[in-house]
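I opened the notebook to write down what I looked up, one topic per entry. Each entry starts from something I wanted to find in the structure.

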Number of protein chains: 2
Amino acid sequence: MSFTRSVENYLKAIYHLSDHGVSKVSTNAIARRLKTKASSVTDMIKKLSDKKLVVYKKYQGVHLTDSGKEVAVRIIRKHRLWEVFLVEKLNFAWDEVHDIAEQLEHIESEKLVDRLDEFLEFPSHDPHGDPIPDKWGEFKPSKKVVLSDVDAGAICFCVGVIDSSAKFLRYLDKNGIALGTQLKVVSREEFDKSMTIKTKGNTMTISKLTADNLYVIIN
Amino acid sequence: MSFTRSVENYLKAIYHLSDHGVSKVSTNAIARRLKTKASSVTDMIKKLSDKKLVVYKKYQGVHLTDSGKEVAVRIIRKHRLWEVFLVEKLNFAWDEVHDIAEQLEHIESEKLVDRLDEFLEFPSHDPHGDPIPDKWGEFKPSKKVVLSDVDAGAICFCVGVIDSSAKFLRYLDKNGIALGTQLKVVSREEFDKSMTIKTKGNTMTISKLTADNLYVIIN
DNA sequence: AAATATTTTTAGGCAAGTCTAAAATTTATT
DNA sequence: AATAAATTTTAGACTTGCCTAAAAATATTT
Ligand SMILES: [Mn+2]
Ligand SMILES: [Mn+2]
Ligand SMILES: [Mn+2]
Ligand SMILES: [Mn+2]
């Protein structure tokens with residue numbers, strides 16, 4: 001099955017708004033996300049419902065069917081793989097790639113996606129730390145968490161920040177922490193919730209504030 | 001300026017049919033090429049004319065304006081760069097890439113195109129031996145020619161075939177001639193128009209028939 | 001519980017791009 | 001030069017996706 005760009009964008013939006021296709025999503029939420037009008041959303045929802053991609057009851061919001069979820073995950077896979085390509089191979093910064101990936105995600109060719117995946121050596125996460133589903137639509141169980149939630153002893157790698165101020169980024173940079181940096185949590189201090197972490201060449205103690213603003217994925 | 005996918009496809013078709021935008025193109029020729037109906041072409045031509053991308057006189061065919069040509073060349077550049085990417089980086093065969101490039105050529109991002117160009121090390125020709133314009137829309141002077149037209153002494157490389165029968169391709173393969181193979185024309189025989197050519201490891205004589213069916217680019 | 005505010009749907013309309021069938025124009029043939 | 005054939009354009013219709021304005025349903029206040 002092949003769908004229009006617009007249908008794909010709606011399904012992806014609903015997927016994200018519904019927390020992986022679990023809960024119901026309101027018309028207005030979709031409209032806000034896609035920068036369109038509620039009436040347009042209602043129109044589209046009816047078409048999606050006719051195609052059995054969503055379940056819809058008037059005034060009650062929508063949720064994705066299994067096949068709707070499948071389409072959404074396929075688009076997300078493509079979006080994130082292309083983001084990796086742009087950052088890893090074409091040296092884009094991680095905050096420049098979204099709009100381009102928004103277009104590339106609609107290119108249709110299963111072979112292309114699989115070859116790209118292989119070319120990128122089957123990345124498990126995109127440059128923003130979001131997981132990339134495999135070709136069967138399965139996500140790896142690992143999930144991005146805030147560093148302050150990681151137990152002592154765990155090894156993880158940095159995939160994103162919450163506070164993206166220049167100040168914070170400079171601080172991280174100075175201490176050799178960047179996207180993709182491996183970290184081991186050596187110990188956690190109960191008293192002030194500070195943590196001691198070890199990077200490749202360095203061991204340091206970071207404050208709770210810092211740990212609260214770093215996203216990591218546990219290996 | 002940004003145009004719809006459809007507009008871009010029309011402009012590209014007209015460019016190719018008009019021999020680089022020189023001659024006039026008939027409605028039917030465009031319809032044939034784009035697998036659409038003549039009436040649809042007339043409709044679109046009017047819109048292109050309103051946008052000053054073509055010059056149109058009823059019943060007299062169209063030709064591209066300078067700005068129409070510019071758009072067409074930009075699309076062709078993208079098409080061919082993506083083809084190189086697919087073959088060189090993702091290991092596609094040269095006969096598999098066209099349809100995918102047909103989609104990728106419409107991705108909008110000047111930065112993406114320039115980075116891709118750089119990543120591919122500024123290729124001058126696509127996998128079919130067609131020249132790739134630079135970012136200012138300029139084509140390198142070299143052009144693909146039939147091997148039988150090449151003078152003795154010249155060094156060229158193989159970029160395509162006219163006869164694509166399995167028989168011919170097997171013959172080439174057996175003699176170590178493939179896409180990209182460097183050839184030196186050692187001598188030409190006036191009597192039967194046969195040629196002696198030298199490849200990397202081998203010198204051989206080929207018939208006029210063979211030379212007539214091989215496209216090369218002179219270095 | 002009634003009134004008010006918010007959300008969602010309907011009604012009607014518009015642009016892009018395509019189609020079929022019929023009319024107009026150009027080109028080729030007698 | 002007249003007729004026939006081919007090409008091109010017009011007329012009218014359809015789909016997709018979007019919009020505004022108004023009506024209907026649901027949610028929140030009083
Ligand atoms: Mn998109
Ligand atoms: Mn991302
Ligand atoms: Mn195309
Ligand atoms: Mn090509």
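**Entry 1: the two copies**

I superposed chain A on chain B, working with a predicted model. A rotation of 179° does it, with 0.0 Å of shift along the axis and an RMSD of 0.4 Å. The two copies are therefore related as by a two-fold rotation axis. I then looked for the residue of chain A that comes closest to this axis. It is Leu104(A), with its C-alpha at 3.8 Å.

**Entry 2: where the copies meet**

How many residues does each chain put into the contact? I noted 21 residues from chain A and 21 residues from chain B. I also checked the overlap between the two sides: 100% of the interface residues of chain A are interface residues in chain B too, so the copies meet through the same surface.

Next I looked up the area. The size of an interface is often given as the accessible area that is lost when the parts come together. For chain A and chain B the buried area is about 1,700 Å², and 67% of it is on carbon and sulfur atoms. Three residues, Leu90(A), Gln103(A) and Arg115(A), supply 28% of what chain A buries against chain B, more than any other three residues.

**Entry 3: polar links between the chains**

I searched the interface of chain A and chain B for salt bridges and found two. In one that I wrote down, the side chains of Lys111(A) and Glu96(B) meet, with 2.6 Å from N to O. This pair counts as a salt bridge because 2.6 Å is within the 4 Å cut-off. Eight residue pairs are in polar contact across the interface.

Which helices of chain A each give at least two residues to the side that touches chain B? They are α4 (66–88), α5 (98–104) and α6 (110–119). Of the elements on this side, α6(A) gives the most, with five residues. Sorted by class, the side of chain A that touches chain B holds eleven nonpolar, four polar and six charged residues.

**Entry 4: DNA strand D**

I moved on to DNA strand D and its surroundings. It has 22 residues around it, and the closest are Thr4(A), Ser40(A), Lys46(B), Tyr56(B) and Lys58(B). By class, the surface near strand D has six nonpolar, eleven polar and five charged residues.

I looked up which helices supply at least two residues each to this surface. In chain A they are α1 (5–17) and α3 (38–50), and in chain B they are α2 (27–34) and α3 (38–50). The largest share, five residues, comes from α3(A).

Which part of the strand faces the protein, sugar and phosphate or bases? Of the strand D atoms within 4 Å of the protein, 75% belong to sugar or phosphate, and the rest to bases. I listed some contacts with phosphate oxygens of strand D. The side chain of Thr36(A) has an N or O atom 2.8 Å from one. For Lys37(A) it is a backbone N or O atom, at 3.1 Å. From chain B, a polar side-chain atom of Thr27(B) lies 2.9 Å from a phosphate oxygen.

**Entry 5: two backbone angles**

Most residues other than glycine have a negative phi. I wrote down two residues of chain A with positive values. Asp19(A) has a phi near 60° and sits in the loop between α1 and α2. Lys35(A) is not a glycine either, and its phi is about 50°. Lys35(A) is in the loop between α2 and α3 of chain A.

Terms used. Residues are numbered from 1 along each chain as its sequence is written. Chains are lettered from A and ligands numbered from 1 in the order in which they are written. This is a predicted model: local features need pLDDT of at least 70, side-chain atom pairs count only at pLDDT 80 or more; totals for chains, interfaces and linings use all residues. Side-chain values use heavy atoms; hydrogens and water are left out. Contact means heavy atoms within 4.5 Å. Buried area is the accessible area (1.4 Å probe) that two parts lose on being put together, summed over both. A polar contact is a pair of N or O atoms within 3.5 Å; within protein, one must be able to donate a hydrogen and the other to accept it, and residues adjacent in sequence count only if both atoms are side-chain atoms. Helices (H or I, at least four residues) and strands (E, at least two) are DSSP runs, numbered from the N terminus. Ala, Val, Leu, Ile, Met, Phe, Trp, Tyr, Cys and Pro count as nonpolar, Asp, Glu, Lys and Arg as charged, and the others, Gly among them, as polar. A residue is near a molecule or strand if one of its heavy atoms lies within 4 Å of it. Copies are superposed by least squares on the C-alpha atoms of residues with pLDDT of at least 70 in both.
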